[in-house]
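Trainee: I would like to go through this model step by step. Please show it first.

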Amino acid sequence: MSLFSKNWYLVESLKPRLKPQVEITPQQQRGERAYALRDPVSGSIQLYTEQAYTVVGLMNGERSLNDIWLLAGDSLQDALPTQQDVISLVASLYQLDMLYLDAPGNALDLFQRRDKKQEKKRLQKLYSPLSVQIPLWDPTRFLDRFCPLVDRLMGKWLLALYLLVTLTGLVVAAQHFEALTANAADRILAAENLFLLWFLYPLVKIIHELGHAVIVRRYGGQVHEVGVMFLVFFPMPYVNASESAAFSSKYQRMTVAAAGLIVELFIAAVAVILWSMASEGMVKSMLYNVAFMAGVSTLLFNGNPLLKFDAYYVLSDYLEIPNLAKKSVSYWGYLVKRYVFRFRELEDPAQDLRERYWLFFYNLFSFVYRVVISISIILFIGSQYFVVGVMLGIWTLVSSWVIPFVKTVSKPFTEPQFAYQGLNPKWVMAVLALMCWGLLFKLPLPYSYTAAGVSWTEPHERLYAGESGFVERIQLPADGQVLAGQELIILTNYELLDRLASVKAQLQEARSRVRSAYQDRARSSLGQAEVTRFQDELADIESALLQTSVQARTNGRMVVQDPQTLPHRYLKRGEIIGYVLHPERPLTVRVAVAETAAERVLGQVQGVSLRPASDRSEEIPATLAAVVPRVSKEIPSPVLSTQGGGEIILDPSSDQALQSLENYVLIEVEAAGLPMTRVFERFYVRFDLPSEPLAKRLYRQLRQVFIEEFDV
Amino acid sequence: MSSASRSGRSPWPARHAVSVALRPERDYYTLSWLDRYWRALYSRCLWPLPRLWFSPGRLARKIITASDVLQPLDEAEFQQHLLAVRQRLVREGIQLSTLVMAFAAVREAAGRSLGMRHHHTQIRASLIMLRGMVAEMATGEGKTLACTLASCTAAMAGIKVHVVTTNDYLAERDCEEMLPLFHYLGLSAGALNSDTELPQRQKIYHSDILYSANNELVFDYLKDLLVLGERRQTVDVYRDSLTTGAASITGQLMHQGLVFAIVDEADSVFIDESRTPLVISGGDLPQADSEDFLRQIMSLAQTLEEGRQYEIAWQQRRIILLPAGRQGIETLAESAEAGMSWLQRARSEELLVQALTALHLFQRDKHYIVGVEPGSDDDESAAKVMIVDDYTGRLAADRSWEGGLHQLIEIKEDCELTQPQKTLAKISYQQFFRKYFYLSGMTGTAREVKDEFYSVYGLLVYKVPLLRKSRRRLLRYRVYPTMAAKEQAIIAAVQKKIAAGQAVLVGTATVDQSERLAQQLQAAEIEFELLTAKQDADEAGVVARAGQSGRVTLATSMAGRGTDIKLTAQTREAGGLHVIICELQDASRIDRQLEGRGARQGDPGSVEYLLSFDDPLVQVYGRKLYRLLQPLFFLPYIGHWCGRRLQRYCQWQLERKHARERRMTQKNDEQEKKTLAFLGDGKWG
């Protein structure tokens, strides 16, 4: 950087003067003094370093810029700004309308600048249609009347009250944690509730914004703009509290930014307390909604410093790093230039180690977070309004990701410093591109698919009551070893026994009737039919009675559920009492594989292994045994559903018990060496698939998302 | 201002009244990124299609027929006709309907006044130019005559025409040659020259057709700016004229507006020269570095070692100061008795780099020469450092390096130190030529830079076919392993050609190389004449003699452009002019220009490239590649081919570097303009 500027001759004789209305407030920024210049007329604010301020301070309308520069050099010595710095300083002050210049004929430029500003605003809307700001009116008059009222309230006792209420709210919320969180998603997304949300949300937000405005006024600032911001088409009120940037105490600036959060937390606390006292009904659900919005959603959005909302400004002010996000990005740029391109001469934008950490991690986290948020917003809109959604999604993708990406990538080729500072940008970019390509497209990464399954028994291995009845006798062998056909439990079904007796009697009667009607052919044949009927019935009952003895149908070890409750218990027909498992019998596990993954799992599986849920450290090799040849929503066991502790979500609207929301393919997996000790135990089954590069996998997932969400 | 000037170009040049706007010129404009991409796309991919549709050949035939009709007219009748043509042109402006008539009349007038009628290729070229494009016309096809059709037609329509070329010599020569035609048509014309005084200059600017070197035109523009000062608009000038007396301001102005320019050697003017902006300086710089301080820095720089305290990046022509080098400054600061002022402290590192640059990157007789200004009668003791222009090979005595570099070089060469001067006004060629409402050009070598023509100036390139088949033969294209071998080969080639009776032109890239060759030629007892930046006093004389049989001329690229070497009958019979190119120039265009000195307008001629791997071009831009490919060069057949490719590759690297620099210059220009918006709506500057 050269000390002299080639354009100095154009400006050296200018005699700039700061406009009289410009207010100057000193601020402390990381141990250094900075100055905020504020023009109350235009509302613009700019922060200058001490160095720049020295130059600005010399602008009195009598000294020429050249004199100013020389004077600044005398006082700043080694820290003096270059001539180009001074020119940029004058330019920035001029752009902010804080400077009188004795340059003639600026009228045309004034108009052009206004046009440019307006054009920029319009373009902003075009570039990011998902967040559009529409200023509405100047609230000064309202605030003039409103703020004194609030100001009178403010004081120590208000703080005490505030703390009391919020703490109570917190305690109440903790007490009712279960009730508050149970089924939260369902309750909030239910239809009638959405209406409430639409109605209440802006109300809560207006109070939130009022909080900002009041605090700005309290510390002597002005609020000249309120408006509506459409975030993903959802209207949100906003106030322009940018004047707080000129406050000299960082705690005041932080308070302004945090005011909305503070107010909302209070609302949330009040709502929770009232909610806990209210009786069921409209009021209660309204309070619930308010508490949810003011509490949870506020903390998630406004309280998240990774998004450029309230918490971001609080953090940025607290750290005394103005423009944290931008600086963080430029710090990353510095890191890349320094360590990837190996620039020789480069100034570190961070001043100390702590700042370095902040800058490093802030951009890292916010980048990842932004990626996630962008994807989910696009998916959300896309699933709601397909054509518009996809178009908007693509546009947002292009304007907020593709264009910045292209700009970043083309930087090494367009910025002249890359050409002579470090390594040849062509080579570096080529190597980087090659590395990315390799990582994404070539490097095969181990790949597997994991699904939950249950250990599965065949019907003949189950012990169940063939017929209902009271347990009469139990003949369970002490060692649990049983043989096929061994009688284990004998039931008495009094109903059957009584019916047996009655049918027997009826049969007797019918037979007698047949005998007595030997003369009448018609009656005799009628009676005969009756006899046959009763005989059949008798046979049925007898065979049913046979079923009252529960027998093992295979050799093996018997497992009985709750043997101590068995005596005299009434067992329903088909009720499973236990299982008989052969010691040699291999463990079979039935796995529900999502339909989308089934093709890959079945087609490419290279190995299967199991991990029982009870002991995940154990890994059992297994083989694919059979595939149930259908795709259905029926799952084999409730163990796999969310109610049973699994991951498959059951369809709440279905009348069948085990109906899931999505389609599954059932696969049977066998672990040869391992006997089955427990039935319906949950297993995690891992299907090892051939290694595959990341890009292929991402592409497939994207395809699936599109097919699922948009049917294309 | 007409709407046409806002929405791009009008299809034909149009009149701009000087009475309304004092100096009509196009407003400053920048291209949006969309425009830039569109232009890149258009000139690369789309232009070939409409080019097929626009065929000047048909019109040219029509014009020839129309002008043949005029031939039998007697003088009075023809004058009558001319008057009618002129009236119609003034009334209707230049249009397709008036064009044929006007061209035919001018062609006939040329026949009557100069004894030359335009060939159909020349008519085509003029049509292309009048359409706002660059006509690519092979060297020696008579561009000077060709452009008169366009310039005279425009002038007859009342449009002020500037015919811009690269140097005073060419401007004067062209103007003089065509003057009979202009006078015959009743048009006034004049050529600017660096020695022309102000009243004379103003008169020339008033004339219908103005011939000028590009820098004269721009310097005058800058001088006008200084006169205009804070007066941004025409009204300001008239207002101040009223208050201070009418003639005081307008009496000092020269330019009459920038309406229509025909730029001869368009690539040289638009591309090569546009890397450095033109600066008018004067007065003393208030914060100049003191001589003692500069000498201190210089002596410090001389003690530093390469590799330890600094590195040289040859490709970027840049010094990189290492930390050990910075320590030198600190010791210097400590040793200074009175301590350094803040200005000196802040300047010391920058100046140290400049001093190292002066020592290692700038070579005498390549980048600059030390001597007395040609034409002045100072003696040897008043020798001064003068810059040699990379592209034209000419001296730029009025230019100086900035940021203390010039003074440091003067210390290095033990010259008297000149005072660094303050910049008073500055403009780049890009900015200047974009102010013209209507721009067109012609050159022998445009295709390499056609995209840049369009992206910067909005000029499309259209190639004009040759009138007669070229009789230029490429004899050899050899790359020798060492400098000595190359020089030997050159001497041998020269001897052979002069023995055969041909005239020989040896083209070099640097003064240094020419002087070494001169010594060798002297040793071989060959008579020759030298034409370099150092010896350019008798340029016209040397050029006039260069076509004689057996004559050897040794020249840098300054002989490359526009120089018309007239052959004697004897030479023509022996095979015409033989051009030996012994170093590749900064761009292949310039090589082709040099080639074009021979075999002009159907004459015979030959070219020969005799290069070596020791040439600075290869040493700087292809050193690594050379080492890598070295075994290949000794292979039969493909060895030579590889050598040629390597040379061309290095040249291409250099061309690209310059293109990048030009882009940066323009970008910086626009950026600065944006930053300096607070200076107000600079109408003229």
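**Sheet, spans and domains**

Mentor: In chain A, four strands make an open sheet in the order 10-17-15-12, with antiparallel pairing. Strands here are DSSP runs of E, at least two residues long, and helices are runs of H or I, at least four, numbered from the N terminus. Two strands pair if DSSP finds at least two bridges between them. This is a predicted model: local features need pLDDT of at least 70 and side-chain atom pairs 80 or more, while totals for chains, interfaces and linings use all residues. Residues are numbered from 1 along each chain as its sequence is written, and chains are lettered from A and ligands numbered from 1 in the order written.

Trainee: Which are the edge strands of chain A's sheet?

Mentor: An edge strand of this sheet pairs on one side only. That holds for strand 10 (462-464) and strand 12 (481-482) of chain A.

Trainee: What is the bridge partner of M558(A) in strand 17 of chain A?

Mentor: Strand 15 (residues 556-560) and strand 17 (residues 576-581) of chain A run antiparallel and are joined by four bridges. In strand 17 of chain A, M558(A) is matched with V580(A).

Trainee: How far apart are the end C-alpha atoms of residues 157-176 of chain A?

Mentor: An unreviewed UniProt entry lists "transmembrane region" for several spans of chain A, including 157-176; such annotations, given in the numbering used here with shortened names, may be inferred rather than shown by experiment. Residues 157-176 of chain A are 95% helix and 0% strand, and the end C-alpha atoms lie apart by 28 Å.
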